[in-house]
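User: I would like to go through this structure step by step. Can we start with single residues and then move to the whole chain?

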Amino acid sequence: MYHDAMNFHMKILDRVPKDGVIIEAGGGTGNMTRKAMDLRPDLDIYMSDFNEAMAQHAMAKGIPESKLSLGPPKGDIQSLHLSGKPAGDTSVDAIFSHSVL
């Protein structure tokens, strides 16, 4: 089931315009975020999760700390600073998530 979800989410990337912005909500260890970064290096991809311990796993997979928002209240996707966007512009092209409660 996990791999089916991973494949489904990666197909979403085909619909995102070049240089688009994506957030993975509930990114956990960063597996999907890392795969998305590998498949679409042109995208600006961020990851959010409430569990701060997951940051170590995600960063070990090469996800820059500047692309992570972890732990309450920072784990809220609304708190992400989207680099390269004007202040106050919080628009994104896609948000994907797997197993978030």
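User: Is Tyr-2 buried, exposed or partly exposed?

Analyst: This is a predicted model, so every answer here describes a prediction. Tyr-2 sits in helix H1. Its relative accessibility is 33%. Buried needs under 20% and exposed needs over 50%. Tyr-2 therefore counts as partly exposed.

User: Which residues does Tyr-2 contact, leaving aside its neighbours within four places in sequence?

Analyst: One partner lies far along the chain: Tyr-2 and His-98 are 96 residues apart in sequence. In space, their C-alpha atoms are 8.5 Å apart. Leaving aside neighbours within four places, the contacts of Tyr-2 are Asn-31, Met-32 and His-98.

User: Where is Asp-19, and is it buried or exposed?

Analyst: Asp-19 lies in the loop between helix H1 (2-12) and strand S1 (21-25). Its relative accessibility is 53%. The cut-off for exposed is over 50%. Asp-19 therefore counts as exposed.

User: What is the phi of Asp-19 near?

Analyst: Most residues other than glycine have a negative phi. Asp-19 is not glycine, yet its phi is positive. The value is near 65 degrees.

User: How many Å apart are Asp-19 and Asp-93 in space, C-alpha to C-alpha?

Analyst: In sequence, Asp-19 and Asp-93 are 74 residues apart. Asp-19 also touches Asp-42 and Leu-43, not counting residues up to four places away. From C-alpha to C-alpha, the distance between Asp-19 and Asp-93 is 9.7 Å.

User: How many of the 5 residues of S1 are buried?

Analyst: Take one side of S1 first: Val-21, Ile-23 and Ala-25 are buried there. On the other side, Ile-22 and Glu-24 are buried as well. Both faces are covered. S1 is largely enclosed by the rest of the structure, because its buried residues number 5 of 5.

User: Which residue of S2 is the bridge partner of Ile-22?

Analyst: S1 and strand S2 (residues 44-49) run parallel, joined by 5 bridges. Together with helix H2 (residues 31-39), they make a right-handed β-α-β unit. The partner of Ile-22 in S2 is Ile-45.

User: And in S4, which residue is the bridge partner of Ile-23?

Analyst: S1 also pairs with strand S4 (residues 94-97). The pairing is parallel, over 4 bridges. In S4, the partner of Ile-23 is Ile-95.

User: Which residues of S4 point to one face and are buried?

Analyst: In a regular strand, side chains alternate between the two faces of the sheet. S4 shows this alternation. Ile-95 and Ser-97 point to one face and are not buried. The residues that point to the other face and are buried are Ala-94 and Phe-96.

User: Which element gives the most to the largest nonpolar core?

Analyst: That core has 19 residues, and Met-10, Ile-22 and Phe-96 touch the most other members. H1, H2, S2, helix H3 (54-60) and S4 each supply at least two of its residues. With 4 residues, the element that gives the most is H1.

User: Which residues is Met-10 in contact with, leaving aside neighbours within four places in sequence?

Analyst: Met-10 is one of the core residues that touch the most other members. Beyond its sequence neighbours, Met-10 contacts Met-32, Lys-35, Ala-36, Leu-39 and Phe-96.

User: In what order do the elements of the chain run?

Analyst: The chain has 3 helices and 4 strands. Buried residues make up 42% of its 101 residues. From the N terminus on, the order is α-β-α-β-α-β-β.

User: Where in the chain is confidence lowest, and where is it highest?

Analyst: The chain averages a pLDDT of 82, and 79% of the residues score at least 70. Where pLDDT is low, the predicted coordinates should not be read in detail. Confidence is lowest in strand S3 (residues 68-70), with a mean of 77. At 94, confidence is highest in H2.

Technical notes: Residues numbered from 1 in each chain as written. Predicted model: local features only at pLDDT ≥ 70, side-chain atom pairs only at ≥ 80, totals over all residues. Heavy atoms only, no water. Buried < 20%, exposed > 50% of the residue type's maximum accessible area, 1.4 Å probe, protein only. Contact = heavy atoms within 4.5 Å. Pairing = 2+ DSSP bridges. Right-handed = clockwise from strand over helix to strand, strands pointing away. pLDDT = per-residue confidence, 0-100. Core = buried A, V, L, I, M, F, W, Y, C linked by side-chain atoms within 4.5 Å.
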